[in-house]
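Biologist: I should like to request a close look at a single part of this protein, followed by one connected account of its surroundings.

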Amino acid sequence: MSQNIIVSASILSADFGKIAEALQLCERSGIDRIHVDVMDGHFVPNITIGAVVTQAVRAYTKLPVATHLMIENPWDYVDAFADAGADIIIVHAECYGERRAACQVYGQYPKEVDVIDPGKILRDIRRIKAKGKQAGVTLNPGTPVTCLLPLLNDVDHILVMSVNPGFSGQKFMPSALDKIKWLRAQGFNKDIAVDGGVNAATAPGIVKAGANVLVTASYFFLSHDPKAVAEGLKSLVV
Ligand code: DX5
Ligand code: ZN
């Protein structure tokens, strides 16, 4: 099967003083989507940007905007990101189940769960869709992909984390590959994105495993030739 690879640029590695220029660079380079990493300093040990900046991003690009919500209580903010103009809203599975003992309190990372409450997350998936947006779900490297099984018919987009979230520029964790293969083996035929440590060395294996969306922050934005980076990733074939 041959399919087009979608490259999604995470602005986390862009110059925040020149966001409009960064978005123009993405468009010039053939990037397909913009990935906005929203962090609250609670779900992850970093604070980045919220709906206000997402609205500005929306205003300065025609590309679809995906918001990756690394925040506690995402249901409180889904409407705000939808109203800010996000096209894809991605929530973390770890917000819908009991946290493992090692990460139950503030300051213990990464957040991980073994099972999630399908009814609770399906409510938010439907809420995102009711706003006319694509509903995405993501999971941290330590959370088993099997917990997504009850959602596969309803979710539009699955983002497999290949680093523990919080920062760009981390090393790719190969455990993501088995998760992608498992999702495809279940017959999931919508977007599977991979986020964290995507580069020339890791991307071919990610695509071979069955992912069709590559998210990149540092590899693209810190490159001397971002256009060549985008073209290289887009040229990969399943
Ligand atoms: C990590 C973020 C990623 C990150 C990717 O918490 O969710 O989107 O920006 O950065 P790179 O591509 O540099 O690994
Ligand atoms: Zn991300």
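Is His 157 buried or exposed? Please describe the strand in which His 157 is placed, and then proceed outward from there.

Modeller: His 157 counts as buried, because its relative accessibility is 3%, and the limit for that class is under 20%. The model is a predicted one, and every statement that follows should be read accordingly.

His 157 belongs to strand β6, which covers residues 157-161. Apart from its neighbours within four places in sequence, His 157 is in contact with Arg 33, Ile 88, Ile 90, Ala 135, Gly 136, Val 137, Phe 188, Asp 191 and Ala 193. Several of these partners can be assigned to strands. Strand β4 runs over residues 88-92, strand β5 over residues 134-139, and strand β7 over residues 191-195. The contacts of His 157 thus include Ile 88 and Ile 90, Ala 135, Gly 136 and Val 137, and Asp 191 and Ala 193.

The strand β7 side may be taken next. Ala 193 is found in β7 and is buried, with a relative accessible area of 0%. With neighbours up to four places away set aside, its contacts are His 157, Ile 158, Leu 159, Val 160, Val 213 and Val 215. Among these, His 157 lies in strand β6. For Val 215, which is 22 residues from Ala 193 along the chain, the separation of the two C-alpha atoms is 6.8 Å.

On the strand β5 side, Thr 138 is a useful point of reference. This residue lies in β5 and is likewise buried, at 0% relative accessibility. Its side chain reaches the backbone oxygen of Leu 159 at 2.6 Å. Beyond four places in sequence, Thr 138 is in contact with His 68, Ile 90, Val 91, His 92, Ala 93, Glu 94, Leu 159 and Met 161. Leu 159 is also one of the contacts of Ala 193, and Ile 90 is one of those of His 157.

From Thr 138 the account passes to Val 91, which lies in strand β4. Val 91 is buried as well, at 0% relative accessibility. It touches Leu 69, Pro 74, Tyr 96, Ile 121, Ile 128, Gly 136, Val 137 and Thr 138, residues up to four places away not being counted. Of these partners, Gly 136 and Val 137 are also in contact with His 157.

The C-alpha atom of Val 91 is separated by 9.5 Å from that of Asn 73, 18 residues away along the chain. Asn 73 lies in the loop between β3 (65-70) and α3 (78-83) and counts as partly exposed, at 36% relative accessibility. Asn 73 is not a glycine, yet it has a positive phi of about 50 degrees. Most residues other than glycine have a negative phi, and most peptide bonds are trans.

A departure from the trans form is present in the loop between β4 and α4, where Pro 110 lies. The peptide bond joining Tyr 109 and Pro 110 is cis, with omega about -5 degrees. Val 113 is found in that loop too, and it is buried, with a relative accessible area of 0%. Its contacts, beyond four places in sequence, are Ala 93, Glu 94, Gly 97, Glu 98, Arg 99, Arg 100, Thr 143 and Pro 144. Ala 93 and Glu 94 are also among the contacts of Thr 138. Tyr 106, placed in the loop between β4 and α4, is by contrast exposed, with a relative accessible area of 60%. It touches Gly 41, His 42 and Lys 111, residues up to four places away being left out. The C-alpha atoms of Tyr 106 and Phe 43 are 8.1 Å apart, although 63 residues separate them along the chain.

The setting of these parts is a protein with eight helices and eight strands. Its radius of gyration is 16 Å, close to the 18 Å that the globule rule gives for 238 residues, so the protein is as compact as a globular protein of that length. Buried residues make up 52% of the 238 residues. Of the contacts with a separation of 6 or more, 65% are between residues 24 or more positions apart.

Notes:
Residues are numbered from 1 along each chain as its sequence is written. Chains are lettered from A and ligands numbered from 1 in the order in which they are written. This is a predicted model: local features need pLDDT of at least 70, side-chain atom pairs count only at pLDDT 80 or more; totals for chains, interfaces and linings use all residues. Side-chain values use heavy atoms; hydrogens and water are left out. Helices (H or I, at least four residues) and strands (E, at least two) are DSSP runs, numbered from the N terminus. The radius of gyration is taken over C-alpha atoms; the globule rule is 2.2 Å times the number of residues to the power 0.38. Buried means under 20% relative accessible area, exposed over 50%, partly exposed in between (1.4 Å probe, protein chains only). Contact means heavy atoms within 4.5 Å. A polar contact is a pair of N or O atoms within 3.5 Å; within protein, one must be able to donate a hydrogen and the other to accept it, and residues adjacent in sequence count only if both atoms are side-chain atoms.
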